[in-house]
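This report describes a complex of protein chains for a reader who has the sequence and the coordinates open. Please keep the display at hand while reading.

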Amino acid sequence: MPPATAQQLEALDAQARRLLAVFTRAGYEHVPLAVIQPAGLFLDVVGEGLRARTYVFTDPDGEELCLRPDLTVPTCRLHLARHPAGAIAARYCYSGAAFRYQPAGADRAHPREFRQVGVECFAAADREQADAEVVGVIVAALSDAGLERIQLRIGDLGLFHALLEALPLPPRWRRRLKHHFWRPEAFRAELARLTSNGPPPMEDLTRTLADRLDPGKREEAQAIVAQYLDRSGVELIGTRTLAEISDRLLAEVADAREPPLAVEHAALIESYVAVRGPATTASKKLGELAQRGKIDLTHALAAFDRRLALLQSAGVDIKDAAFSAEFGRNLEYYTGFVFEIIAPELGVKSPLAGGGRYDNLLADVGAPCSVPAVGSCIHIERLLALLCASSS
Amino acid sequence: MSDKLILALPSKGRLMEQCNALLARAGLTVAKAGPARGYKGEIAELPGVEVNFVSASEIAQFLKAGAAHLGVTGEDLIRETMADADERVQFLKRCGFGCADVVVAVPACWLDVRRVSDLDEMAPGFRRVHGRQMRIATKYMNLTRRFFTQRGITGYRIVESLGATEGAPAAGLAELIVDITTSGATLKANGLRVLEDGVILRSQANLVSSKGAPWSSELRALAQAIACRILP
């Protein structure tokens with residue numbers, strides 16, 4: 001909720017300034033970000049899902065604009081405006097309002113206008129170091145605000161990716177499992193489908209075409225598909241080319257001819273997703289899992305352990321930190337380490353701060369290559385509510 | 001608002017004619033009141049009713065706002081206008097006309113895309129090749145978004161289209177469409193095909209009551225009486 005009185009506004013501003021002071025002392029440059037953003041870019045990056053929750057409007061020139069639904073994409077835009085190449089190391093911090101339509105009506109727990117104060121760290125070569133640094137500076141800012149009792153929850157999508165890489169799967173299956181990871185139901189269905197290897201349902205007509213396609217002969221396949229369309233009297237229209245259509249058909253044919261996903265590998269993926277517990281013992285558990293499954297996760301687990309050690313040296317208390325392999329499942333743009341900071345008084349449903357690694361986002365916003373990026377922001381209204389409650 | 005029952009009816013076109021015929025079958029004679037080009041009317045047999053003639057999409061707005069007690073309009077327009085339609089209105093009676101399906105249609109040449117889930121599979125590759133998300137042309141922005149959200153599909157953009165939507169893919173303005181169809185002939189003529197599980201809504205005109213309108217027990221009884229007389 002926006003503040004109801006001038007006093008509350010002043011308290012929010014003062015709290016934001018305090019947090020920003022911690023960030024700037026740690027070397028993060030305070031940057032101003034425009035509230036009004038081009039809608040097209042946001043929607044291309046975050047997808048229609050968030051569009052339903054974004055305030056989109058058209059200005060008198062017909063340009064489609066929006067009120068920023070978060071401050072991370074605007075920070076990426078600012079960075080690319082300064083450094084079009086993208087891969088230039090930079091640290092930024094910001095404070096400002098973000099706006100999201102609340103379909104069930106706005107209330108205190110689901111405000112449509114809320115304040116985010118956060119940091120972004122771009123193009124740091126040492127990923128684990130940067131991950132730990134970002135958590136460290138957020139924890140330091142919370143501690144400076146007077147908050148002592150916090151709990152850290154972490155996850156690591158990089159481990160999941162490493163697990164898929166280690167299993168003998170066609171690259172398409174990996175892509176698909178990563179893609180469905182965000183939706184547990186679709187993910188389970190996909191696993192079941194790959195295990196049973198029921199060929200994807202096809203109409204008879206397409207079936208007979210599919211039987212004539214050889215996944216090893218791409219150009220020949222295009223000719224067959226072109227001929228098929230021609231004979232069926234179907235015109236090639238639209239932006240997708242014959243090659244795109246034919247390539248996907250080939251992938252489908254290849255999938256259907258692939259031996260099914262081994263039951264023990266599907267089981268391994270399922271038991272990985274179910275791993276949870278103290279962060280300090282997570283890598284031992286995962287190591288045992290990998291050993292039983294006879295796959296090599298050494299590299300990813302070493303990175304995980306190193307990050308934990310770096311977190312500790314950044315002053316983060318990790319002995320109560322919780323790990324969940326599934327954590328991060330609802331935040332589609334993250335690509336690696338993810339974390340949330342929980343206050344026991346507010347519970348896991350209302351984290352005080354959250355963030356993680358999103359190495360694809362700058363490229364999606366327009367960088368010519370993928371740029372390592374990690375960031376986090378603090379829900380300042382929650383922080384203030386907590387501080388007020390504990391002082392009274 | 002007067003203490004009359006406000007009934008919003010389509011003001012023009014085929015929907016208006018069919019609506020008048022429906023009411024005539026129910027033994028109700030709709031007549032314009034006041035100047036010939038006015039937008040108010042009455043029903044000779046039911047003096048407690050005031051008729052408002054408005055466009056079909058405005059009828060949905062009237063019902064949403066509670067500015068009319070009853071209205072006759074397409075279910076597609078009701079559901080497009082209100083995300084929580086069942087909370088705000090009650091569908092009293094199907095009218096048996098204005099039948100049309102809201103469907104997802106893709107170029108018929110997309111042999112690799114037969115079901116809605118194929119779009120989800122196709123989207124990342126499309127983005128890699130074309131550097132942007134696939135576009136869906138439609139005037140049903142809300143129905144489209146809800147349908148795809150329910151199916152977990154996010155990699156697309158909606159392009160608002162207010163006419164000749166079925167021409168958008170061939171013109172390169174969008175990759176696929178969500179539009180209304182009765183026989184499918186127009187889609188076919190434009191090189192499009194409905195996905196196997198691509199029917200979003202089977203729509204037709206309905207007699208609808210607004211939960212937000214100012215109701216009294218007399219008005220409720222009157223509304224019930226009208227609903228009972230209507231036979232599709």
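Angles between elements run from 0 to 180 degrees between N-to-C directions, and the axes are lines fitted to C-alpha atoms. With that convention, helix α16 of chain A, residues 380–391, lies across β6 and β12 (373–379) of chain A, and runs at about 45 degrees to β12(A).

**Confidence of the model**

The model is predicted, and the predictor gives the complex an ipTM of 0.86 and a pTM of 0.80. Chain A averages a pLDDT of 89, with 95% of the residues scoring at least 70, while chain B has a mean pLDDT of 92, and 98% of its residues reach 70 or more. Among the elements of chain A, the lowest mean pLDDT, 66, belongs to α3(A), and the highest, 98, belongs to β1(A).

**The nine-stranded sheet of chain A**

In chain A, 9 strands form an open sheet with mixed pairing, and their order is β1-β5-β6-β12-β11-β10-β7-β9-β8. The strands β1 and β8 (276–278) of chain A stand at the edges with a single partner strand each, so one side of each is left without a neighbour in the sheet. Strand β1(A), residues 29–30, pairs with strand β5(A), residues 90–99, in the parallel sense over 2 bridges, and here A:Glu29 stands opposite A:Tyr92 in β5(A). β5(A) also pairs with strand β6(A), residues 113–122, but in the antiparallel sense and over 10 bridges; within this pairing, A:Ala98 has A:Phe114 in β6(A) as its bridge partner.

**The three-stranded sheet of chain A**

An open sheet of 3 strands in chain A has the order β2-β4-β3, and its pairing is antiparallel. The edge strands are β2 (36–38) and β3 (56–58) of chain A, each of which pairs on one side only, and the twist averages 40 degrees from one strand to the next. Strand β2(A) is joined by 3 bridges to strand β4(A), residues 64–67, and the two run antiparallel, with A:Ile36 standing opposite A:Leu67 in β4(A). Helix α2(A) packs on this sheet, where it touches β2, β3 and β4 of chain A, and its direction makes about 70 degrees with that of β4(A).

**Strand pairs in both chains**

Chain B contributes two pairings to the table below, both of which involve β10(B).

| Strand pair | Sense | Bridges | Opposite residues |
|---|---|---|---|
| β1(A) and β5(A) | parallel | 2 bridges | A:Glu29 and A:Tyr92 |
| β2(A) and β4(A) | antiparallel | 3 bridges | A:Ile36 and A:Leu67 |
| β7(B) and β10(B) | antiparallel | 5 bridges | B:Asp101 and B:Thr181 |
| β8(B) and β10(B) | parallel | 3 bridges | B:Ile136 and B:Leu176 |

In residue numbers, β7(B) covers 100–107 and β10(B) covers 176–181, whereas β8(B) covers 134–138.

**Domains and a helix pair of chain A**

The domain assignment of chain A gives domain 1 (6–150 + 343–391) and domain 2 (204–257), and 45 Å separate the centres of these two domains, taken over C-alpha atoms. Helices α10(A) and α11(A) pack at an angle of about 110 degrees, with their axes 9 Å apart. Angles of 65 to 115 degrees count as roughly perpendicular, and α10(A) and α11(A) are therefore roughly perpendicular to each other. On the side of α10(A), the residues that meet α11(A) are A:Arg218, A:Ala221, A:Gln222, A:Val225 and A:Ala226; those of α11(A) include A:Leu242, A:Ile245, A:Leu249 and A:Leu250. By class, the contact of α10(A) with α11(A) has 8 nonpolar, 2 polar and 1 charged residues.

**The contact between the chains**

Across the interface, 27 residues of chain A are in contact with 29 residues of chain B. At least two residues of the side of chain A that touches chain B come from each of α2 (39–46), α3 (48–51), α9 (204–211), α10 (218–231) and α11 (242–257) of chain A. It is α11(A) that gives the most to this side, with 5 residues. The residues of the side of chain A that touches chain B divide into 12 nonpolar, 6 polar and 9 charged. When this contact is examined, it may help to recall that α3(A), one of its contributors, is also the element of chain A with the lowest mean pLDDT.

Methods
Residues are numbered from 1 along each chain as its sequence is written. Chains are lettered from A and ligands numbered from 1 in the order in which they are written. This is a predicted model: local features need pLDDT of at least 70, side-chain atom pairs count only at pLDDT 80 or more; totals for chains, interfaces and linings use all residues. Two residues are in contact if their C-beta atoms, placed from the backbone, lie within 7 Å. Helices (H or I, at least four residues) and strands (E, at least two) are DSSP runs, numbered from the N terminus. Ala, Val, Leu, Ile, Met, Phe, Trp, Tyr, Cys and Pro count as nonpolar, Asp, Glu, Lys and Arg as charged, and the others, Gly among them, as polar. Two strands pair if DSSP finds at least two bridges between them. pLDDT is the predictor's confidence in each residue, from 0 to 100. Domain bounds come from an automatic or database domain assignment. Angles under 35 degrees count as roughly parallel, over 145 as roughly antiparallel, 65 to 115 as roughly perpendicular and the rest as oblique.
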